[in-house]
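This report describes one protein chain, starting with its overall layout and ending with a group of side chains. Look at the sequence and structure before reading on.

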Amino acid sequence: GPVAERRLLAVRLGELPAWLATRQLSAQGLLGGVRKAWSSYYDKYINVKRGGPAGISMLLAGYCLLSYGWSYQRLSKSSFLLPD
């Protein structure tokens, strides 16, 4: 089908600029994309009949990585990381 109707994972690398040009990059469009991604994640991993700890553990791991990335500069300048 046309590039504009494909999902991101179905777009080839050479077609990526054309696909991005068809996306709505306003605040409302980005918020809609985040809402759709969260809804998809929630339905696949959390809101299931026989779910395991995978969905919650992925959220926790993502939070840990994100918080480490936010505080990386502060942690790398700390004195306890410097060798004596």
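## Layout and aromatic cluster

In this predicted model, the elements of the protein chain follow the order α-α-α-α from the N terminus on. That gives four helices and zero strands.

The chain has 84 residues, and buried residues make up 7% of them. About 7700 Å² of the protein chain is exposed, and 63% of that area is supplied by carbon and sulfur atoms.

The structure also contains two aromatic pairs. They are listed below.

| Aromatic pair | Centre to centre | Angle between planes | Type |
|---|---|---|---|
| Trp 38 and Tyr 41 | 5.8 Å | 35° | tilted |
| Trp 38 and Tyr 42 | 6.0 Å | 35° | tilted |

Where do Trp 38 and Tyr 41 sit along the chain? Both belong to helix α2, which covers residues 27-46. Trp 38 and Tyr 41 are three residues apart there, so about one helical turn separates them. Trp 38 and Tyr 42 lie in helix α2 too, four residues apart, and this spacing is again about one turn of the helix.

The ring pairs link Trp 38, Tyr 41 and Tyr 42 into a cluster.

How are these three residues placed with respect to the surface? Tyr 41 has a relative accessible area of 17%. Buried means under 20%, so Tyr 41 counts as buried. Trp 38 is partly exposed, at a relative accessible area of 44%. Tyr 42 is partly exposed as well, with a value of 33%.

Key
Residues numbered from 1 in each chain as written. Predicted model: local features only at pLDDT ≥ 70, side-chain atom pairs only at ≥ 80, totals over all residues. Heavy atoms only, no water. Helix = DSSP H or I, 4+ residues; strand = E, 2+ residues; numbered from the N terminus. Buried < 20%, exposed > 50% of the residue type's maximum accessible area, 1.4 Å probe, protein only. Areas by Shrake-Rupley, 256 points an atom, 1.4 Å probe, with all protein chains shown as cover. Phe/Tyr/Trp six-rings, centres within 6.5 Å; stacked < 30°, edge-to-face > 60°.
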